[in-house]
Amino acid sequence: MIKVGVDVGSTHTDAVALAEGELLASVKVRTTPDPTAGIQEAIGKLSSRIGNRDEVGALMLGTTHGLNAILQAKGLARTAILRIGLPAGEGIPPLTEWPARLTDHVISAKMVRGGHEYTGEEIVPLDEGAIVKFADDIVGKVDGVAITSIFSTVNPAHELRAAQILNERGVRAHLTLSHMVGGLGLIERENSTILNEMVSPVFKRLVSRLKELMRSLGMNHAKLFIAQNDGTLASGEFTMEYPIFTVAGPVSNSIRGAHLLTGIDNAVVMDVGGTTTNVGVLHNGYPRESSAPVEIGGIRTNFRMPDIHALALGGGTIINESIGPESVGYELTSKGVGWGGTVLTASDVAMGVKGIKIGDADISKILLRYPSSYLRGIYDRMISMWEEALDLMKISREDVQVIAVGGGSIMLPPELRGASKIVRPDNAQFANAIGATLTKVGATVEKTFSYSATSRELAINSTVNEAKEMAVKAGGDPSTLDIREIEEVPIPYLPGDSVKLTVKVVGNLRI
Amino acid sequence: MENFSIGVREVELLALGAAFLGTGGGGDPLVGKLMLRRYMEGKGSIEIVDGSSGKDEFVLGSAMMGAPIVMIEKVPGGGEAVKALKVYSQIAGRKVDFITPLEIGGINSIIPLIVSIQTGIPVLDGDGMGRAFPELQMTTFYADGIPVSPVVVFDERGNVSVVQGVDGYWSEKIARVITVRYGGSAYIALHGMELSEYSRSAVLGSLSTAIQVGERLASKNIDSLRDLLHCVHLFKGKVIEVYRRVERGFSKGYVVLEGADQWKGKTMRVDFQNEFLIAKEGDKIVATVPDLISFVDAYTLTPVTTDRVRYGQRLVVLGTPSHPKLRSTEMLKYVSPRAFGYDVNFTPLGAS
């Protein structure tokens, strides 16, 4: 079986084809303002180099579609918002401190009585009459509805009932229920739920266009998977329902790719791209997650994202008195000095000092214009920047292994202070796309329990089962599901050994 | 000291400073901050009044009680704390002239401001802890003989309970049970007193100090923070171990750091119970409660709470001498390491 991996980076979109782990073909094209065009171009070019396209079993994609849609507020759904929880919650209504570019897409935002306590009992009974009225107000006017109820991660009954009422009243819009998005913290979970609904049409279009493309190219048996924030994959169908889980997909791919290309479980990964070096930590084969809340386009969400330090130093970084942060991006091969241009870039400096050649550049053009001592001085400063970033992300005082990936990874020196060694795997420039093809399906579920009310064993088992169900929905093969991580965090000021329980499961793709 | 008024910018700084003075506990001020910013829209500023002199004006404490994690999910309706204040005022038969924070650390520095912006009642520049503590009787007010009760406990549904405990411990215990029954978070009005009593008993100026702390953290100026609080740079290093468990509703545990820079080769262990309580370098105790032990991110100076500490973080540990009132014999009965169940005496900063 052949697998195709595609990764959308800030400057380039890469596509690779692998058969039984062996690289058959690779393609690099420019990332386009609407990333779909670049993806189509890359897959099209790649496809012409694959003999039997009928053998393509899966296409895996890591893309910035979700993030772009939120940042540019383009192609978003006409959204209605239902918050269940009054009389609680009125202190901070939905959309508080959201930018107008996004709230412009909201048709209606309503709060009604209902919701639950941390114990699972009702705050007050659900105000069904108010939901009927809400449904009648929005019917036929919206593409999607985001429904969030207080403590729905403990008891989703009111969200489920609200969805039923909307259905009964003829609301045919797409629905996102917050307990499926998950996470504690009403405002953050509600924000994520709303964003999920808003970007949903973007992914519907993407998935249908990709399926069409795969068909037209003769990839008749290929299933589509998309990379998620936590370094796992989900099926195209699942992603149409929960696109918000993919906003950090490409970043996770590079860390997973570094692991899969080297077999190393624990290391610091330096992904050197066109505008940045993304430094992340590979922890037991997966990206280490940030503990801080994540903002997407200025909106606070509850996603645990890979802990990434983005250093503004990549192949296209412009050198004048300072190093960056501006970059020539994909114009490197026309503007860079080594390519006959006039802008001195980090790539030119690295080529001049290391005597290496990137693409069809001409090193003599660089050395003719800049004295080697000047280039050496700049390069030493670049090394210090990388060393500082490495030091920031390391988890112990001991030197760590560094895995260098990305198109610009060839620029790195052979040694860095703090690195025991630097491993640069074969095909490092395609690590992200390759990573996408080799990774697993996964799901994360977070709940709260009081261990004096529910035994620890029962709590863990039910949460594991829920995560497994979700992983199956995401395209996982049920017989291969494994627990990746169980995390228990005690909740202070509550009685009865209350904990926040997070379970992650992974499994093989059902292909 | 003099009266002043604060706007949105100062609220932001206050929240940051309150997180530092919360010494790892006190709850995430985000929900309070969002509510406050919303209520301040179009209303301008909040009046902060010097509480160092006065006589028969009536002062009332205002706070949230319970689990901060419940508050971030069951977000307040917004009017609970105001209603608690009104019920208190009715019971006591007194008009409330000023509101005071009970503690200046964490979310409870913000709650009184939310009440103030809704009622127009000014907030006094002071509190009863100069930091954050987990229980109601751990205030200078109580140590000075001012009763905690009655405590009016209000929830978003409108349930109201009035607790008249025989002493601070009973008021705490009963109000805590009610809070749990309400769903884990409640809004309370308590510690009614004359302004003359307040002037004598409060940690005065703590609200303006918290804003200044926030200002200095925001400008990443650790030297000026040290000048302001006379704090001691206890340690700098990387977290190599975090241990947590829940005991009687409190998150207990410890953090071990491995030294960097001048502390290279040394280790520090800090025990916490919602707040950081005891700091040991090697075998030597270098700081204990009631002195303030704060963790800040080594690069951003962002305060780090006990629930957010994790393996691999690079942190600076700062010790701030507590207000002299917290070090009195009477107050130490409630807030020394022994009051938290540790077989350790209070070691004033710099004395070891």
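Visitor: Is Glu41(A) buried, partly exposed or exposed?

Guide: This is a predicted model, and you read such a label from the relative accessible area. Under 20% is buried, over 50% is exposed, and partly exposed lies in between. Glu41(A) has a relative accessible area of 35%, so it is partly exposed.

Visitor: Which side chain does Glu41(A) meet in a salt bridge?

Guide: Look for a side-chain nitrogen of Lys or Arg within 4 Å of a carboxyl oxygen of Asp or Glu. Here the partner of Glu41(A) is Lys45(A), at 3.2 Å from N to O. Lys45(A) is partly exposed too, with 41% relative accessible area.

Visitor: How are Lys45(A) and Glu41(A) placed in helix 1 of chain A?

Guide: Helix 1 of chain A covers residues 35–47, and the two are four residues apart in it, so about one helical turn separates them.

Visitor: What about Glu331(A): which residue does it form a salt bridge with?

Guide: That one pairs with Lys335(A), and their closest N and O atoms are 3.3 Å apart. Try the accessibility labels again: Glu331(A), at 30%, is partly exposed, and Lys335(A), at 36%, is partly exposed as well.

Visitor: Where do the partners Asp391(A) and Arg314(B) sit?

Guide: Check the chain letters. The side chains of Asp391(A) and Arg314(B) meet in a salt bridge of 3.5 Å, N to O. This pair crosses between chains: Asp391(A) belongs to helix 13 (residues 372–393) of chain A, while Arg314(B) belongs to strand 17 (residues 314–320) of chain B. Their labels are worth a look, too. Asp391(A) counts as partly exposed at 32%, whereas Arg314(B), with 18%, is buried.

Visitor: Which residues do salt bridges that share partners join into one network?

Guide: Follow the shared partners from residue to residue. The network takes in Glu117(A), Lys74(B), Asp155(B), Glu156(B) and Arg157(B). Over all chains, the structure holds 39 salt bridges.

Visitor: Now a whole helix. How many residues of helix 2 of chain B are buried?

Guide: You label each residue, then look along the helix. In helix 2 (residues 30–40) of chain B, ten of the eleven residues are buried, so the rest of the structure largely encloses it. Among them are Leu30(B), Val31(B), Lys33(B), Met35(B), Arg37(B) and Tyr39(B). Just after this helix, Gly42(B) takes a positive phi of about 75°.

Visitor: And empty space: how many cavities of 30 Å³ or more come out of the count?

Guide: Rolling a probe the size of a water molecule over the atoms shows where empty space is left. In this model the count comes to one cavity of 30 Å³ or more. The largest cavity has a volume of about 50 Å³.

Visitor: Which residues line the largest cavity?

Guide: The lining includes Met35(B), Met71(B), Glu80(B), Ile111(B), Gln118(B) and Tyr187(B). Sorted by kind, the lining has seven nonpolar residues, two polar and one charged. Helix 4 and helix 5 (111–119) of chain B each supply at least two of the lining residues, and helix 5 gives the largest share, with three.

Visitor: Back to the surface. Which residues make the nonpolar patch of about 240 Å²?

Guide: For a patch like this, look for accessible nonpolar side chains that can be joined. Ile91(B), Val160(B) and Val162(B) make this one. Ile91(B) is found in helix 4 (residues 80–92) of chain B, and it counts as partly exposed because its relative accessibility is 47%.

How values were computed
Residues numbered from 1 in each chain as written. Chains lettered and ligands numbered in written order. Predicted model: local features only at pLDDT ≥ 70, side-chain atom pairs only at ≥ 80, totals over all residues. Heavy atoms only, no water. Patch = residues over 30% accessible without salt bridge, like charges linked within 9 Å, V, L, I, M, F, W, Y side chains within 5 Å. Areas by Shrake-Rupley, 256 points an atom, 1.4 Å probe, with all protein chains shown as cover. Buried < 20%, exposed > 50% of the residue type's maximum accessible area, 1.4 Å probe, protein only. 1 Å grid on protein atoms, 1.4 Å probe; cavity = no way out; pocket = protein on both sides within 12 Å on 5 of 7 lines; lining within 4 Å. Points joined across faces, edges and corners; volume = space filled by probe spheres on them. Nonpolar A, V, L, I, M, F, W, Y, C, P; charged D, E, K, R; others polar.
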